[in-house]
Amino acid sequence: MLETMKRLDAHANALLLTGASDIDLLGGMFDVMPDFKALLDAGYGGEIDKNAGRFPRLHRYAVMLSHVAEGIAEGSIRVPR
């Protein structure tokens with residue numbers, strides 16, 4: 001689990017070091033989304049929060065995804081059906 005978090009954080013960091021915006025980060029992490037989802041499915045969502053200081057770029061990505069999910073759920077972000 002920590003190795004996956006470390007790898008995801010490094011991937012996000014590489015994107016951010018190139019000047020990626022938040023939208024660029026969301027798109028740039030698409031290829032590693034299955035690994036992120038596997039962490040959540042295995043119940044490690046809380047570990048991402050607990051390790052925010054250790055893996056800040058992964059935490060930033062997780063918070064952004066959470067905000068997008070909340071926006072979709074409440075209807076402020078519309079998605080095609």
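## Close-up views of a five-helix predicted model

**Figure 1. Charge balance and surface of the whole chain.** The mean positions of the 9 positive and 11 negative charges of the protein lie 1 Å apart. The model shown here is predicted. Its accessible surface comes to about 5,300 Å². Carbon and sulfur atoms account for 57% of that surface.

**Figure 2. Overall fold and dimensions.** The protein has five helices and zero strands. Read along the sequence, the pattern is α-α-α-α-α. The C-alpha atoms fill a box of roughly 35 × 30 × 20 Å, taken along the principal axes. The radius of gyration is 13 Å, which agrees with the value near 12 Å for a compact globule of 81 residues. Of the 81 residues, 23% count as buried. Contacts between residues at least 6 apart in sequence often span long stretches of chain: 64% of them join residues at least 24 apart.

**Figure 3. The largest nonpolar core.** This core holds 15 residues. Leu8, Leu25, Met29, Phe36, Ile48, Leu58 and Tyr61 touch the most other members. Helices α1 (2–17), α3 (33–41) and α5 (56–74) each supply at least two residues of the core. In soluble globular proteins, nonpolar side chains tend to be buried together.

**Figure 4. Phe36 in helix α3.** Phe36 is found in helix α3. Its relative accessible area is 4%, so Phe36 is buried. Leaving aside neighbours within four places in sequence, Phe36 is in contact with Leu8, Ile48, Leu58, Tyr61, Ala62 and Leu65. Four of these partners can be picked out again among the core residues that touch the most other members: Leu8, Ile48, Leu58 and Tyr61. Phe36 and Tyr61 are 25 residues apart in sequence. Their C-alpha atoms are 9.8 Å apart in space.

**Figure 5. The surroundings of Ile48.** Ile48 is one of the core residues that touch the most other members. Not counting residues up to four places away in sequence, Ile48 touches Met5, Phe36, Leu39, Leu40, Leu58, His59 and Ala62. Phe36, one of these partners, is found in helix α3.

**Figure 6. Asn51 in the loop between α4 and α5.** Asn51 sits in the loop between α4 (45–50) and α5. Is Asn51 buried or exposed? Its relative accessibility is 14%, so Asn51 counts as buried, the cut-off being under 20%. Leaving aside neighbours within four places in sequence, Asn51 is in contact with Leu2 and Met5. Met5 is also touched by Ile48.

**Figure 7. Ala14 in helix α1.** Ala14 is found in helix α1. At 45% relative accessibility, Ala14 counts as partly exposed. Ala14 and Pro56 are 42 residues apart along the chain. Their C-alpha atoms are separated by 13 Å.

**Figure 8. Glu70 in helix α5.** Glu70 is found in helix α5. With a relative accessible area of 46%, Glu70 is partly exposed. Glu70 and Leu39 are 31 residues apart along the chain. The separation of their C-alpha atoms is 19 Å. Leu39 is one of the residues touched by Ile48.

Methods. Residues numbered from 1 in each chain as written. Predicted model: local features only at pLDDT ≥ 70, side-chain atom pairs only at ≥ 80, totals over all residues. Heavy atoms only, no water. Helix = DSSP H or I, 4+ residues; strand = E, 2+ residues; numbered from the N terminus. Rg over C-alpha atoms; globule rule 2.2 N^0.38 Å. Buried < 20%, exposed > 50% of the residue type's maximum accessible area, 1.4 Å probe, protein only. Contact = heavy atoms within 4.5 Å. Areas by Shrake-Rupley, 256 points an atom, 1.4 Å probe, with all protein chains shown as cover. Lys, Arg positive; Asp, Glu negative; His and termini not counted. Charge placed at Lys NZ, Arg CZ, Asp CG, Glu CD. Core = buried A, V, L, I, M, F, W, Y, C linked by side-chain atoms within 4.5 Å.
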